[in-house]
Amino acid sequence: MTIEQYCSTRQRVEPLPSAFGAFESLCYAPFVSLFLDPLGHVRGCCRSLTHSLGSVREASLSSIWHGEATRAFRNRLRKGEFPSGCETCRYEVETKNFDDVFARKFDLFDVGSAEPEWPKLMFFALSNACNLECVQCCGEASSAIRKNRDRLPALPRAYDEAFFEELRLFLPHLTDAAFLGGEAFLARENFRIWEMMIQDGLQPSSFIITNGTIFDSRIERVLETLPASISVSLDGASKQTVESIRKNANFDLILKNVERFRQFTTKHGTRLVLSICVMPQNHHELADFLLLAEQLDCDVDVNAVYQPPAFSLSALSDEALRDVIAGWERRDAEMRRALDRNLGAWEHELDRARNWLEHRCHAIRPPDDLIRLP
């Protein structure tokens with residue numbers, strides 16, 4: 001009954017998206033969005049990382065968007081089934097972690113057709129170019145890891161001139177664009193897209209995820225011209241923890257750049273977000289991370305890590321997970337007094353950890369093919 005229970009929670013979303021009146025679907029992501037990865041694969045969303053709808057190396061973007069694989073993916077969701085590639089959301093539904101189901105984010109889009117002509121949101125992760133070697137990351141998402149840890153050659157570039165020429169036809173139809181990494185501000189493909197947006201006078205709501213280690217005139221031009229919200233990945237609240245997890249990072253420099261990003265988000269009325277992947281290596285700093293965000297007047301994104309297991313709280317033993325929860329509970333009263341804008345994030349992480357522990361009684365575990373969050 002968990003899928004039915006989940007669907008009943010979605011009906012309480014206010015205001016109700018028109019999609020609920022047009023047609024029902026377990027998720028509306030493939031009706032409104034596309035995710036493009038560093039290898040040229042096109043996927044339904046940024047969490048659907050184990051199933052490809054096609055490759056821009058073999059087909060046009062338009063033929064993939066309107067193609068049979070995408071149609072089949074949509075039809076499974078319309079039947080109330082999670083297809084291959086939706087393991088993360090399926091797991092959250094099975095464990096009744098309904099607030100964490102990423103599919104909910106697409107309920108907010110106006111979806112009027114089961115055969116949409118254009119996507120409204122695109123996730124761009126066109127390159128793994130990155131200057132950090134985060135302990136929980138991998139070579140597919142970091143060129144530095146691929147070179148130094150994996151000892152592998154650089155990934156081939158997947159996006160050619162024909163792709164960018166076709167992409168230009170898609171951009172005017174976007175209401176939202178998300179730029180992921182690698183490091184978003186090191187990907188030359190992203191600057192190519194931003195330049196096209198600027199040249200064509202396009203102003204989609206953009207969301208850029210950065211590690212906060214660089215800030216230069218090219219970045220300044222993008223932020224001055226496009227309405228971009230910025231998410232800075234930090235993964236801790238102290239120099240020691242951040243630099244031990246995010247190898248090659250400089251904690252003090254990142255905080256200086258956070259202030260630079262704030263100038264632009266304040267000026268343009270966009271958001272500045274600090275994000276953390278909560279892991280066994282940094283759970284002890286979750287409370288301090290939220291306090292830091294509160295002090296900096298920033299929103300937070302708190303991400304769960306499922307793979308690799310060594311960096312996942314959900315993979316801890318029952319005793320170890322109870323210790324994590326107990327440590328957070330000891331600071332609960334303090335957090336409720338000190339937090340305002342990010343109190344919900346604190347409450348949510350406590351609930352999520354308790355939920356993991358509770359559902360172990362039913363032997364529901366993350367499947368092996370769950371992918372770490374981007």
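C138 is buried in this predicted model, with a relative accessible area of 19%. That falls on the buried side because the cut-off is under 20%. As for bonding, a search of the whole structure turns up zero disulfides. C138 is therefore in none: its nearest cysteine sulfur belongs to C137 and lies 4.9 Å away, while a disulfide needs the two sulfurs within 2.5 Å. From the other side, C137 is in no disulfide either, with the sulfur of C138 as the nearest one at 4.9 Å.

Another buried residue is T213, which sits in the loop between β7 (205-210) and α10. T213 counts as buried because its relative accessibility is 12%. What does T213 touch once its neighbours within four places in sequence are left aside? The contacts are N131, L132, L253, I254 and N257. As for S233, 20 residues away along the chain, its C-alpha atom is 9.9 Å from that of T213.

Here are the two buried residues with their accessibilities.

| Residue | Relative accessible area |
|---|---|
| C138 | 19% |
| T213 | 12% |

The loop holding T213 leads on to α10, so let's look at how that helix packs. How do α9 and α10 sit relative to each other? They are oblique. The axes of α9 (residues 188-199) and α10 (residues 217-225) cross at roughly 40° and come within 11 Å. The crossing of α9 past α10 is left-handed. On the α9 side, the contact is made by F191, W194, E195 and I198; α10 brings R218, I219, R221, V222 and T225. Sorted by class, that makes five nonpolar, three charged and one polar residue.

Further along comes α13 (residues 286-295). Is this helix largely enclosed or largely open? Seven of the ten residues of α13 are buried, so the helix is largely enclosed by the rest of the structure. The buried ones are L286, A287, F289, L290, L292, A293 and E294. What do they pack against? The partners are two strands, β10 (272-278) and β11 (299-304), plus three helices, α14 (318-330), α15 (332-338) and α16 (343-359). Just past the end of α13, D297 adopts a positive phi of about 60°.

Definitions and conventions. Residues are numbered from 1 along each chain as its sequence is written. This is a predicted model: local features need pLDDT of at least 70, side-chain atom pairs count only at pLDDT 80 or more; totals for chains, interfaces and linings use all residues. Side-chain values use heavy atoms; hydrogens and water are left out. Buried means under 20% relative accessible area, exposed over 50%, partly exposed in between (1.4 Å probe, protein chains only). Axes are lines fitted to C-alpha atoms, for helices over the stretch in contact, and angles run from 0 to 180 degrees between N-to-C directions. Helices (H or I, at least four residues) and strands (E, at least two) are DSSP runs, numbered from the N terminus. Angles under 35 degrees count as roughly parallel, over 145 as roughly antiparallel, 65 to 115 as roughly perpendicular and the rest as oblique. A crossing is left-handed if the near helix is turned anticlockwise from the far one by less than a right angle, and right-handed if clockwise. Contact means heavy atoms within 4.5 Å. Ala, Val, Leu, Ile, Met, Phe, Trp, Tyr, Cys and Pro count as nonpolar, Asp, Glu, Lys and Arg as charged, and the others, Gly among them, as polar.
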